[in-house]
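Please open the structure in your viewer and keep the sequence beside it. The tour below gives one selection at a time and says what is there.

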Amino acid sequence: MTAEHKFFLGTSTSRLFYRAAIPGAIGMIASNIYFSVEMLLIGRFLGQTAFAGGNLANPLLLIAYAVADMIAVGSSIGISLRLGEGKKEEADRMFTAAVISSSVLSTLTAVALTAAGPLIFRLMGADTALMDEAISYLGTYTIFIPLTCLVFVFDNYLRICGRVRFSMVMNIVMAVMCLAFELFFLCVFKLGIGYAALGTSLGMSIACIICMIPFIRGRMSLRFVKLRSPWSTLREIFTQGLPSFLNNTSGRISSVLMNTLLLRLGGGMAVSIFGVFMNIDGIIVPGMYGIFDSLQPAIGYNWGAGRKDRSRQIALRCIVALAILCLVFTLILEIFPGQVFSLFLEADDSEIPLAIHAIRIMALTYLVRWISYSGQSFSSAIGKNREATLLSLCSALIFPVLMMMLLMNQGLEGLWYVTPSAALLTSVAAVIVYLMRIRHFMKE
């Protein structure tokens, strides 16, 4: 048994939480915050049209990254369970298959989205100026997708190999590089939105290469091996990662639909307000994801080793941390909505009251979001794919679309309530799933 997996099994759950979840959350926030910082710089230096164009393109871009994340999450679950069962060779084969398939499929997805992007923006109702900004932003990113998608893959494998701190450091370094490149392009040379995307892509690419080197040189417990009959392995990876993929892609589809309605009912300003909220969400969700994802190897490893009570104890600490994180951000958005909006955009005095009102309503999402996210993450970590998939679909697609249909007749006011009401319904579904699981355990 390797030292990192002795750490998963033998370290007290509290110490394990502090040594893995906190660095993991910091690293995950750092690895995603540059998207929010990027949009902040775009809003500040390029104006509202560029900001709205970037927010129209972001959901499509993140679908390509969602493919890589699906493979990363799906393979991480399978690798952790196999390592817990002592099946090292199978874990190595899954690792190798995941890296190759992630790059190939993300590239194909990026090409498809680039080709379909202009048509999608036109159907959403974007005018010529808005469409030009969105196309420039999306097109630059997709050039680097074959490499940048692997950031998410290798970040997961670093944590499986017990290199949580190295993962955190690399995510912070990556964020700093992305910021430096963007400041260079936007502030020094006064270039457009395509160069903002170029700056982030360069930072991600360099960080990805650095993370790959220890694996290529064989210095990690996971190693590249020759693949033999990889189809069953790939099928398992896709099955395990499906909940994460559905959550990510369904969420992007919901965002596209939401932006379409906002664009038609409130114009670019309404899209910008929702964009500000989604960029804040892009900080909160990675923090939630980082807490659970950093301990997913420990949860899966202990579950695979038959120590299910220990897995539940680890998960309970994650749930409490998620609840605290969500409460803190709810208070920030309720108390300082105007200041948060002004970080991203300079708006007329007549537009600020609408932004404050909308952000305060949407902030209610986080009062309950930790409930559904905890249920989904734990179910996924222990390989309960049906439960995780159901909650993913409810959270990202079914309930948001349902609430859009029910509330769109109320105009913009109704649309601001879509996100918190969908989060509430998903939390109810998560509690029902949790009660059913308790009943199942009592029968065993």
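The stops below go through helices, a loop and salt bridges.

The model is predicted: local features need pLDDT of at least 70, side-chain atom pairs count only at pLDDT 80 or more, and totals for chains, interfaces and linings use all residues. Residues are numbered from 1 along each chain as its sequence is written, and side-chain values use heavy atoms, with hydrogens and water left out.

**Stop 1: helix α5**

Select residues 128-143, which form helix α5. Helices (H or I, at least four residues) and strands (E, at least two) are DSSP runs, numbered from the N terminus. The expected span of a helix is 1.5 Å times one less than its number of residues. For the 16 residues of α5 that gives 22 Å, and the end C-alpha atoms are 23 Å apart, which agrees. Colour the buried residues of α5, among them Leu-130, Met-131, Ala-134 and Tyr-137. Buried means under 20% relative accessible area, exposed over 50%, and partly exposed in between (1.4 Å probe, protein chains only).

**Stop 2: α4 against α5**

Add residues 88-124, helix α4. At what angle do α4 and α5 pack? The angle is about 175 degrees, and the axes are 10 Å apart. Axes are lines fitted to C-alpha atoms, for helices over the stretch in contact, and angles run from 0 to 180 degrees between N-to-C directions. The two helices, α4 and α5, are therefore roughly antiparallel (under 35 degrees counts as roughly parallel, over 145 as roughly antiparallel, 65 to 115 as roughly perpendicular and the rest as oblique).

Now show the side chains in contact, meaning heavy atoms within 4.5 Å. From α4 these are Ala-110, Leu-113, Thr-114, Gly-117, Pro-118, Phe-121 and Arg-122, and from α5 they are Met-131, Ala-134, Ile-135, Leu-138 and Thr-142. Eight of the contact residues are nonpolar, three polar and one charged (Ala, Val, Leu, Ile, Met, Phe, Trp, Tyr, Cys and Pro count as nonpolar, Asp, Glu, Lys and Arg as charged, and the others, Gly among them, as polar).

**Stop 3: the loop at Gly-125**

Select Gly-125, in the loop between α4 and α5. Gly-125 is partly exposed, at 45% relative accessible area. Add Arg-264: its C-alpha is 7.1 Å from that of Gly-125, although the two are 139 residues apart in sequence.

**Stop 4: helix α8**

Residues 164-188 make up helix α8, whose 25 residues reach 35 Å from first C-alpha to last, close to the 36 Å expected. Its buried residues include Val-164, Met-168, Cys-178 and Glu-182. After α8 comes Lys-190, with a positive phi near 55 degrees.

**Stop 5: salt bridges**

How many salt bridges are there? The count is four, where a salt bridge is a side-chain nitrogen of Lys or Arg within 4 Å of a carboxyl oxygen of Asp or Glu.

- Select Arg-82 and Glu-236, joined at 2.6 Å, N to O. Arg-82 is in helix α3 and Glu-236 in helix α10, 154 residues apart. Arg-82 is buried at 15%, while Glu-236 is partly exposed at 23%. Add Glu-90, which is linked with Arg-82 and Glu-236 in a network of salt bridges.
- Select Lys-88 and Asp-92, whose closest N and O atoms are 2.6 Å apart. The pair is four residues apart in α4, about one helical turn. Lys-88 is partly exposed at 30%; Asp-92 is buried at 6%.
- Select Asp-281 and Arg-369, with closest N and O atoms 2.5 Å apart. Asp-281 lies in α10 and Arg-369 in helix α14, so the pair ties together parts 88 residues apart in sequence. Asp-281 is buried at 9%.
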